[in-house]
Amino acid sequence: MSKTDQNELHSTISQQIQQKLSELAELVSLEQYGEQGPPKELTFREIENVGYQVGQLAAQKFEAAATRQHQQHFDDPQACPGCGEFCQPQATVQRQLLTRLGPVELSEIRFRCNSCRRSFFPSTRVASA
Ligand SMILES: [Zn+2]
């Protein structure tokens with residue numbers, strides 16, 4: 001990750017969240033290594049490996065929580081991407097999505113268009129560039 005990427009990442013995350021993440025990092029270190037902290041013989045590489053795993057897990061938990069909250073926007077009928085007809089939600093389905101950080105469990109509301117005979121998931125549409 002370049003310096004520019006890091007600056008962009010930090011600018012989209014509030015100071016309050018950064019503070020909470022710092023506090024969480026202290027708690028995770030305490031849980032991982034105990035009151036005495038990492039043992040003397042531990043290398044930075046070993047600390048980095050744990051940090052990477054913690055970061056992956058945190059991102060997966062965040063993505064699952066945010067997508068679960070995002071679902072509330074899709075309780076109402078949604079327009080079919082094929083014909084534009086408004087369709088009722090059919091079911092909530094669990095799906096494992098492979099993200100850049102690994103698999104994440106998502107629940108999505110499935111809609112069914114009877115005219116097009118297709119199902120669609122408006123909450124997981126991909127923004128076009
Ligand atoms: Zn349709």
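How many bridges join β3 to β4, and do these strands run parallel or antiparallel? The points below address this and related features.

1. Status of the model. The structure is a predicted model. The mean pLDDT of the protein is 86, and 88% of the residues score at least 70. Among the elements, helix α1 (residues 3-11) has the lowest mean pLDDT, 62, whereas strand β2 (residues 86-87) has the highest, 96. Statements about helix α1 should be read with that value of 62 in view.

2. Overall arrangement. The protein contains 3 helices and 5 strands. Along the sequence these elements follow the order α-α-α-β-β-β-β-β. Of the contacts between residues at least 6 apart in sequence, 47% join residues that are at least 24 apart.

3. Pairing of β3 and β4. In reply to the opening question, β3 and β4 run antiparallel and are joined by 10 bridges. The connection from β3 to β4 is a hairpin through 2 residues. One of the bridges can be located by its residues: Ala 91 has Arg 110, in β4, as its bridge partner.

4. Exposure of β3. Is strand β3 largely in the open or largely buried? Strand β3 spans residues 89-99, and it lies largely in the open because 0 of its 11 residues are buried. For the protein as a whole, 7% of the 129 residues count as buried.

5. The nonpolar core. Which residues form the largest nonpolar core? This core has 6 members, namely Cys 80, Cys 87, Ile 109, Phe 111, Cys 113 and Phe 120. Its largest share, 3 residues, is supplied by strand β4 (residues 102-113). As a general background, nonpolar side chains tend to be buried together in soluble globular proteins.

6. Surroundings of Ile 109. Ile 109, a member of the largest nonpolar core, merits separate mention. Leaving aside residues up to four places away in sequence, Ile 109 touches Gln 71, Phe 74, Pro 89, Thr 92 and Ser 123. Pro 89 and Thr 92 fall within the residue range of strand β3, 89-99.

7. Gln 53 in helix α3. Gln 53 is placed in helix α3, which covers residues 44-70. Why does Gln 53 count as exposed? Gln 53 has 11 C-beta neighbours inside 10 Å, and a residue is exposed if that count is 12 or fewer, so Gln 53 meets the criterion. The C-alpha atom of Gln 53 is separated by 9.7 Å from that of Leu 101, a residue 48 places apart from Gln 53 along the chain.

How values were computed
Residues are numbered from 1 along each chain as its sequence is written. This is a predicted model: local features need pLDDT of at least 70, side-chain atom pairs count only at pLDDT 80 or more; totals for chains, interfaces and linings use all residues. Helices (H or I, at least four residues) and strands (E, at least two) are DSSP runs, numbered from the N terminus. A residue is buried if 20 or more other C-beta atoms lie within 10 Å of its own, exposed if 12 or fewer, and partly exposed in between; C-beta atoms are placed from the backbone. Two residues are in contact if their C-beta atoms, placed from the backbone, lie within 7 Å. A nonpolar core is a set of buried Ala, Val, Leu, Ile, Met, Phe, Trp, Tyr and Cys residues joined through C-beta atoms within 7 Å. pLDDT is the predictor's confidence in each residue, from 0 to 100. Two strands pair if DSSP finds at least two bridges between them.
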